[in-house]
Amino acid sequence: MTVLLEADNLVRIYSSRQGILGKPTPIRAVDGVSLRVRHGETLGIVGESGSGKSTLGRMLLGVDPAQGGEVRYDGTPMPAPGTPAWRALRARMQMIYQDPLAALDRRLTIAAQIAEPLEIHGIGDKPEQAERVADLIASVGLRPDQANRYPHELSGGQRQRVVIARALATRPDLLVCDEPVSALDVSIQAQVVNLLRDLQQRNGLSMVFISHDLKVVRNLCDRVAVMYLGRIVEEGAVEDLFASPRHPYTQALISSVPQPGRPLDGRIILQGEPPNPASRPDGCAFHPRCVHATALCRGETPVLRRNEPGHSTACHLVDGAQSASKAA
């Protein structure tokens with residue numbers, strides 16, 4: 001498959017200060033991230049809260065401009081945000097947000113909100129837009145009579161279907177899904193995930209699926225990138241990564257997923273909280289929580305490198321981590 005979206009060495013730095021007169025402290029929310037998304041592929045991005053997943057997702061769309069590195073879409077550098085070229089490109093890439101109620105305008109009907117992207121991008125006349133809206137409402141499993149309802153009149157799952165329909169209105173090539181099912185209960189989560197999978201197969205979509213729910217990621221994604229403190233620490237095909245995680249952080253994440261018939265005492269319990277991004281540890285950022293850490297880990301930052309076809313890891317002790325995983 002050819003590459004649709006490519007990011008090279010992306011950097012995004014925010015500033016934080018203590019009090020009005022405090023000295024600004026840089027926070028590297030995204031720190032040198034590189035990845036590729038192929039046509040028709042779903043890339044999962046996982047990690048704890050604060051790892052930089054959502055910031056990375058917005059950077060891939062150009063909503064948050066990169067302060068270092070570059071995003072290329074179909075081989076062309078991402079235009080500057082707010083320019084006519086960037087607005088035109090947004091028709092080909094859309095985002096699905098975590099909270100559907102916050103993403104919708106409570107003053108507009110469902111049909112009006114689904115039609116809004118068509119109006120913004122000048123796609124079709126009024127009759128064609130109305131026909132497209134009706135098709136989208138049906139494609140996401142909503143009833144025709146719900147078109148004239150308002151967001152507060154729908155359930156959480158129905159509102160998320162509306163958000164998905166609106167994102168698909170311009171027939172995009174890429175969807176960036178930022179925790180799209182985390183605000184829904186388990187039964188509705190399954191319905192939305194199945195809907196996304198069906199829509200992807202039907203329309204040939206590429207997706208970047210951001211989540212902390214590893215069960216959903218395994219069920220939906222083709223490849224997975226694991227983020228920790230603004231960096232990708234492991235990336236690989238979904239079945240390979242779940243079957244044989246190389247990085248100690250990935251091992252801990254996967255061991256936390258409940259599995260039928262698997263004893264809970266086999267889990268890897270991480271000690272402590274992720275470090276403060278404003279005070280990143282020297283060397284490997286994970287070393288304060290890693291039982292395998294050595295002096296090399298504490299003094300030298302590992303780079304993400306391919307250690308076998310289709311699988312990359314940023315760890316000085318990949319072999320030792322693999323052995324520990326097998327022993328567990």
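Author: On a 1 Å grid over the protein atoms alone, a pocket is an open set of points with protein on both sides within 12 Å along at least five of seven lines, whereas a cavity is a set where a 1.4 Å probe fits but cannot get out. Lining residues have an atom within 4 Å of a point. Grid points are joined across faces, edges and corners, and a volume is the space filled by probe spheres set on the points. This is a predicted model: local features need pLDDT of at least 70, and side-chain atom pairs count only at pLDDT 80 or more, while totals for chains, interfaces and linings use all residues. Residues are numbered from 1 along each chain as its sequence is written, and side-chain values use heavy atoms, with hydrogens and water left out.

Reader: How much space lies in the largest pocket, and which residues are the closest to its centre?

Author: The space is about 420 Å³. Of 15 lining residues, R90, Q94, P117, I120 and R166 are the closest to the centre.

Reader: What makes a lining residue of the largest pocket nonpolar, polar or charged?

Author: Ala, Val, Leu, Ile, Met, Phe, Trp, Tyr, Cys and Pro count as nonpolar, Asp, Glu, Lys and Arg as charged, and the others, Gly among them, as polar. By that rule the pocket lining has nine nonpolar, two polar and four charged residues.

Reader: Why is the space lined by P248 and C284 called a cavity?

Author: It is called a cavity because a 1.4 Å probe fits there but cannot get out. This is the largest cavity, with a volume of about 90 Å³. Its lining holds ten nonpolar, four polar and no charged residues.

Reader: How do you know that strand 3 and strand 8 pair?

Author: Strands (DSSP runs of E, at least two residues) are numbered from the N terminus, as are helices (H or I, at least four). Two strands pair if DSSP finds at least two bridges between them. Four bridges join strand 3 (residues 42-46) to strand 8 (residues 206-210), so the pair meets the definition. The two run parallel, and G44 has F209 as its bridge partner in strand 8.

Reader: What makes strand 6 and strand 11 edge strands?

Author: Each pairs on one side only. They end the order 6-7-8-3-9-10-12-11 of an open sheet of eight strands with mixed pairing.

Reader: Which strands does helix 6 touch?

Author: Contact means heavy atoms within 4.5 Å. Helix 6 (residues 156-168) packs on the sheet, touching strand 6 and strand 7.

Definitions and conventions: Axes fitted to C-alpha atoms, helices over the stretch in contact; angles between N-to-C directions.
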